[in-house]
Amino acid sequence: MTNEQLLEHAMEARKRAYVPYSKFAVGSALLDTSGHIHYGCNVENGAYSPTNCAERTSLHRAIADGVKRGAFAAIAVVADTNGPCTPCGVCRQVLSELCPQDMPVIMSNLRGETKVMTVAELLPGAFVLEEHKNI
Ligand SMILES: O=c1ccn([C@H]2C[C@H](O)[C@@H](CO)O2)c(=O)[nH]1
């Protein structure tokens with residue numbers, strides 16, 4: 001699976017975004033170590049705070065589908081941004097807990113401007129539970 005292919009899946013996922021409030025559609029595609037892809041899109045809510053970002057949608061969906069913590073290979077994120085779309089702070093924390101620290105996060109926009117950073121690069125000094133520190 002190339003970065004470009006995973007981004008194509010994120011573009012597909014983006015079409016499913018539920019964004020009546022911000023109108024800002026985000027798509028993600030999360031590749032697990034078995035080769036399965038888990039789609040994510042942002043899902044907003046009239047009470048605002050229940051809104052879920054695309055990245056967390058795909059991560060939580062994968063966990064609910066039985067993927068274990070750490071068994072992820074890459075995630076692609078795309079939105080109509082000026083530069084590549086980067087995950088918010090909350091999503092960085094969730095990525096940090098569930099994914100390998102060296103996992104690539106492939107960020108892009110609709111013009112195909114792409115940047116790749118690892119989970120650790122996106123959240124230096126992340127909060128880590130004591131029981132996760134030696135894993
Ligand atoms: O990386 C990001 C940044 C924002 N959003 C969503 C949250 C909200 O629905 C909308 C505007 O912030 O975009 C994501 O899904 N992923």
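This briefing describes the sheet, the helices set against it and the ligand surroundings of the structure above.

The model is predicted. Its central element is an open sheet of five strands, arranged in the order β2-β1-β3-β4-β5 with mixed pairing. According to UniProt, residues 1-130 carry the feature "domain: CMP/dCMP-type deaminase", taken from an unreviewed entry. Over this span, helix accounts for 28% and strand for 24%, and the end C-alpha atoms lie 34 Å apart.

**Sheet layout**

- The edge positions of the sheet are held by β2 (residues 37-41) and β5 (residues 114-118).
- Each of these two strands has a single partner strand, so one side of each is left without a neighbour in the sheet.
- From one strand to the next, the twist averages 15°.
- In a regular strand, side chains alternate between the two faces of the sheet.

**Strand pairing**

- β1 (residues 26-32) and β3 (residues 72-79) run antiparallel and are joined by seven bridges.
- Within this pairing, V26 is found opposite A79 of β3.
- β3 and β4 run parallel, with five bridges between them.
- V77 has M107 in β4 as its bridge partner.
- β4 and β5 run antiparallel, and five bridges join them.
- V105 has M117 in β5 as its bridge partner.

**Connections between strands**

- Helix α3 (residues 89-98) combines with β3 and β4 in a β-α-β unit, which is right-handed.
- β4 and β5 are linked as a hairpin, with four residues between the two strands.
- The turn of this hairpin includes G112, which has a positive phi of about 80°.

**Helix across the sheet**

- Helix α1, comprising residues 3-14, lies across β1, β2, β3, β4 (residues 104-109) and β5.
- The helix α1 runs at about 135° to β1.

**Ligand surroundings**

- The ligand is surrounded by 14 residues.
- The closest of these residues are S22, V26, N42, C53 and A54.
- By class, the shell comprises nine nonpolar, three polar and two charged residues.
- V26 thus appears in two settings: it is among the residues closest to the ligand, and it stands opposite A79 in the sheet.

Definitions and conventions: Residues are numbered from 1 along each chain as its sequence is written. This is a predicted model: local features need pLDDT of at least 70, side-chain atom pairs count only at pLDDT 80 or more; totals for chains, interfaces and linings use all residues. Two strands pair if DSSP finds at least two bridges between them. Axes are lines fitted to C-alpha atoms, for helices over the stretch in contact, and angles run from 0 to 180 degrees between N-to-C directions. Two residues are in contact if their C-beta atoms, placed from the backbone, lie within 7 Å. A residue is near a molecule or strand if its C-beta atom, placed from the backbone, lies within 6 Å of it. Ala, Val, Leu, Ile, Met, Phe, Trp, Tyr, Cys and Pro count as nonpolar, Asp, Glu, Lys and Arg as charged, and the others, Gly among them, as polar. UniProt positions are given in the numbering used here, feature names are shortened, and annotations may be inferred rather than shown by experiment. A crossover is right-handed if, with the strands pointing away from the viewer, the path from the first strand over the helix to the second runs clockwise.
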